[in-house]
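Me: I'd like to go through the labels people put on a model and ask what earns each one. Can you take me through it?

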Amino acid sequence: MSTVTTEAGTGLATRPEASPKTTAPAPARPRRFRWAGRRLVYGLVRAGTRSAAVVALLLLWETAPRLGLVDRTFLPPFSEVALAWWQLAADGQLADNARASLTRSLSGFGIAVSLAVPLGLLIGWYRPVADLLGPLLEVFRNTAALALLPVFVLLLGIGETSKISIVVYACTWPVLLSTISAVRSVDPTLLRLARSLDLPAIRLFQKVILPASVPAVFTGVRLAGAVSILVLVAAEMIGAKAGLGYLINASQYNFAIPQMYAGIITISAIGVVFNQLLVALERRLSSWRVPANG
């Protein structure tokens, strides 16, 4: 039973105050939905902005031949090129040629990276090795790979060996030079701190040199990825029986212009995908780095 108290001198009865009502927190689901909606809108706007230039180029490519601004014999509309690409993909020619090119390109690229990165670390870190190999490297890195293509063909024949070798030669220099530069540009403060901890040479390489060199090394690796495809296409135009370079060259000789452009578009698409894979790998390996914007 509730008690009634009387205030002195007033005769008014007072009851105990009721406890305030507790209000339940607002549900978080609408807030989450609004946040997801904003992220979706932001993603769509960003994707539209990044693809606007490509869409504009494709529209210009489609309309310019139809309006007579360019000769459609040599530059057919994009729709005709897309149809030719679909026909090549349907009968298996595109897949066979792309497979042959990718096998050669990835083989040469992998060999070049596996050779150039360790060599670049040695040259960048050990001054005697740099003094010994520096003049020789200067001679070869200033010799264009395509200028040596006839030499590779004469020495190794027109088979797979010469094509993979020319890719190895062309891809070695971007990776090698970027690795040397990366090692030589490591922050001296980091090196002094590591030496103050009496780290052995192997641990110094593992904990300081390699992590600090990853971004610059991957710059050269990405350049080498583009070079591996471009040089291979030129190599496949000489004595090859399969490959995207062979497809482009044969289409030109047969005056199958839409098929020629279809091969060019395929090379561009492969290059973009390959570059994005390398960018993703670089982010994975350098995830420890603090972003520049904080």
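What follows is a back-and-forth about this predicted model.

Me: What makes α9 and α10 roughly antiparallel to each other?
Reply: Their packing angle is about 160°, and angles over 145 degrees count as roughly antiparallel. So α9 (residues 244–253) and α10 (residues 257–285) get that label. Their axes are 8 Å apart, and α9 passes α10 in a left-handed crossing.

Me: Which residues meet where α9 packs on α10?
Reply: From α9 you have L244, L247, I248, S251 and Q252. On the α10 side they meet Q259, M260, G263, I264, T266, I267 and I270. By class, that contact splits into 7 nonpolar, 5 polar and no charged residues.

Me: Why are α5 and α6 called oblique to each other?
Reply: Their angle is about 140°. Roughly antiparallel needs over 145 degrees, and roughly perpendicular runs from 65 to 115. The value for α5 and α6 fits neither range, nor the one under 35 degrees, so the pair is oblique. The helices here are α5 (residues 149–156) and α6 (residues 160–184), with axes 9 Å apart, and their crossing is right-handed.

Me: What sits in the contact of α5 with α6?
Reply: L149, F152, V153 and L156 from α5 meet T161, S162, S165, I166 and Y169 from α6. That makes 6 nonpolar, 3 polar and no charged residues.

Me: How do you know that α9 is mostly covered?
Reply: Of its 10 residues, 7 are buried. They are L244, G245, L247, I248, N249, A250 and S251. What covers them is α2, α3 (93–125), α8 (201–236) and α10, against which these buried residues pack. Just after α9, F255 takes a positive phi of about 60°.

Me: Why does F74 count as partly exposed?
Reply: Its relative accessible area is 48%. Buried would need under 20% and exposed over 50%, so F74 lands in between. F74 lies in the loop between α1 (29–66) and α2 (78–90). Leaving aside neighbours within four places in sequence, F74 touches F255, I257 and Y261. F74 and A256 are 182 residues apart in sequence, yet their C-alpha atoms are 9.8 Å apart.

Me: What makes E236 buried?
Reply: E236 has a relative accessible area of 1%, and the cut-off for buried is under 20%, so the label follows. E236 lies in helix α8. Outside its neighbours within four places in sequence, the contacts of E236 are A100, S101, R104, K163, A242, G243, L244, G245 and Y246.

Me: How do you know that the side chains of E236 and R104 make a polar contact?
Reply: The distance is 2.7 Å, and the limit for such a pair of N or O atoms is 3.5 Å. The pair is therefore within the limit. The side chain of E236 also reaches the backbone nitrogen of L244 at 3.2 Å.

Me: Why is G225 called buried?
Reply: Its relative accessibility is 3%, set against a cut-off of under 20%, so G225 qualifies. Like E236, G225 lies in helix α8. Apart from neighbours within four places in sequence, G225 is in contact with F109 and F274. G225 and L106 are 119 residues apart in sequence and 8.6 Å apart in space, C-alpha to C-alpha.

Note on methods
Residues numbered from 1 in each chain as written. Predicted model: local features only at pLDDT ≥ 70, side-chain atom pairs only at ≥ 80, totals over all residues. Heavy atoms only, no water. Axes fitted to C-alpha atoms, helices over the stretch in contact; angles between N-to-C directions. Helix = DSSP H or I, 4+ residues; strand = E, 2+ residues; numbered from the N terminus. Left-handed = near helix turned anticlockwise from the far one by under 90°. Contact = heavy atoms within 4.5 Å. Nonpolar A, V, L, I, M, F, W, Y, C, P; charged D, E, K, R; others polar. Buried < 20%, exposed > 50% of the residue type's maximum accessible area, 1.4 Å probe, protein only. Polar contact = N/O pair within 3.5 Å; in protein donor to acceptor, adjacent residues only side chain to side chain.
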